[in-house]
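Got the viewer open? Here is a short tour, one selection at a time.

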Amino acid sequence: MPRSAEHICEFAGGLSESAGPLQTADAQAAAADERASANGNGAGPASAVAERPRTPAEERQGFPSISGSGGVDEYEGIQMQASQRTSGLLVRVRNMVKHFNTSKGVFKAVQGVDVDIEPSSICALLGPSGSGKTTLLRLIAGLEGVTDGRIYFDDLDATDLAVQDRQVGMVFQSYALFNHKTVAENVMFGLEVRKLDVDRRKRVEDLLELVQLTGLGDRYPRQLSGGQRQRVALARALASNPKLLLLDEPFGALDAVVRKQLRAGLKEIVQTVGVTTIIVTHDQEEAFDLADKVVIFNRGFIEQIGSPTEIIRRPATPFVMKFVGDTNDVPAASLLVRRSRFLTSKSRVMFRPSDIQLFTEFVESVDGHLVTGATVSERANLGWTVRYTLRFDDDVEVEYSVTREQADGRLGLDIGQRIYLYVKPEAMMGFEPEDIDSAPIL
Amino acid sequence: MTLMLAAVSVPLNSVFGTVAAILITRNEFPGKVLLLSLLDMPFSISPVVTGLMLTLLYGRSGWFSSFLAEHGFNIVFAFPGMALATMFVTMPFVVRELIPTLEQMDLSQEEAARTLGANPLQVFWHVTLPNIRWGLMYGIILTNARAMGEFGAVSVISGNIIGKTQTLTLFVESAYKEYNTEAAFAAAVLLSLLALMTLWVKDRVEKAAAAEAAK
């Protein structure tokens, strides 16, 4: 009992560090320092990732559960721990396969996926719709049964664990709040059904403060805006101090402005609480902004796993290249590709418009790259950017974008103007059309 | 007798109707369509035929007669038979009211409850039931109204034994036929009052539902 009370107090202390969106850089740094020292042995957050967290069994030894106080000992929850920050869970998914039987046949949603998600990190599952990212999240939550493969939470094989015993917090795209309960009752729900031995009123207040909804506890979900509802859902998911937070397109139903606000808030909250987080999204900006690690899905397979920078800089497959940015797509036999001396066995070649080096006056070659002549055939006004369509002499067209300022100044091109350009062969990638297809296979 | 019939058939039909509706909407299985039309059968069969069917099954020369005689049960011309007939006739109401409500219900609420640590019973009690409660209430009211007013099936199976197996509705009919007009109308007024009460309850329920939706 005293331990729980202490826990709550410390939790509240942690909250005050994240004093709203106007937090200064100093305060953030202080919070980061605190996190680092909380990891013990003075190691920074980076090495904390590599450190193996303790297994539930070890935790039970270190912090004996308060058995005998009414069913609490059934749960190996972190709420028994004295530490303020949750340790976060190492999630390992091995050879995960999930097939759905539909009326049209077997739909292979996930086809043999391996992912490791480090403790206290944020991992984004990114991909087009129907690529299996949401299915993987639901498999980790336990809302779907696996067809094949294992899921490990730390050293525990969680594959066959019931949903309610997995100690995860989940936030849904549709908010999924209990409409007949008030905001406070919603947040309290997890504490009640798990019969957690904490000061529930205090806990709810702390959580509402964390998501900046102080004083709205007596409202009903219907009386809140979409952004507020999703914040209630986040508070509810965090209430029983889960080790793993799963977000299924959490901002999908919200408009762009609220989306950005919530994104900033979410990152801060998750880092404060220290919970391992998996977020499913089809919004690339969201994934790259929030995540330490991005997993790109297509057709039930993983195309690439890496840090946001790695994925932007070094796309591993044609699909990723196409998915994470603008690309020009030309035949491998086109004039440009041949003059760039790019060799490929594939039928088509893509490269980013930003890799085009353009000259308005004729030069034979630049730094050993042969230039190719083309004509400006179209100019599209897209607000802050202007997009030109360039046509080569073999009628292959590529797109080239410049900012409005450049277009008005030095790089202004007229329709019909002759220009010369080259693309480095390193920036090109050969592919077959089926490599970038994202339509689900049935 | 009328009240007892309602008291037995309404709770039983509510519980089994809810369970059936949930199982039907949450599961895909072959023969689902057939089962759904079977559930509608009491609507399409004349209540008198229902009474005859039950007599045929449980009556003295019926299929189960030897079994029933052995165990000393008396179903036809007794309360259990009348309860069976009433339950059969009122069976579709709760299920039919709940299936659309359950089908349009957002399942993620239940999933959220499960991730928050609720066991299946808690999920039903805290999430599913509050979501379907107005539909369920409406189904119960309809069941109740029909249970009180049912004539055909009950009249065949009850034998209309005065003071024993006579419901209010049956009494109205027999009194009227015996030119006991005053008694018939008195009973009819009582029945109407019961019906009005049911309507009043229904009205209150609908208002409460509307108030909740506006909240």
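Start by selecting B:Glu111 and A:Arg138: their side chains meet in a salt bridge, 2.7 Å from N to O. (A salt bridge here is a side-chain nitrogen of Lys or Arg within 4 Å of a carboxyl oxygen of Asp or Glu.) The rule finds one salt bridge across the interface of chain B and chain A.

A quick note before moving on: this is a predicted model, where local features need pLDDT of at least 70 and side-chain atom pairs count only at pLDDT 80 or more, while totals for chains, interfaces and linings use all residues. Residues are numbered from 1 along each chain as its sequence is written, chains are lettered from A and ligands numbered from 1 in the order in which they are written, and side-chain values use heavy atoms, leaving out hydrogens and water.

Next, widen the selection to the whole contact, meaning heavy atoms within 4.5 Å. Chain B brings 21 residues to it and chain A brings 25.

Now select chain B alone and switch to cartoon. You'll see ten helices and zero strands; these are DSSP runs, H or I of at least four residues for helices and E of at least two for strands, numbered from the N terminus. Turn chain B around: its C-alpha atoms fill a box of roughly 65 × 40 × 30 Å, taken along the principal axes.

Last stop: which contacts hold chain B's distant stretches together in sequence terms? Among those between residues at least 6 apart, 71% join residues at least 24 apart.
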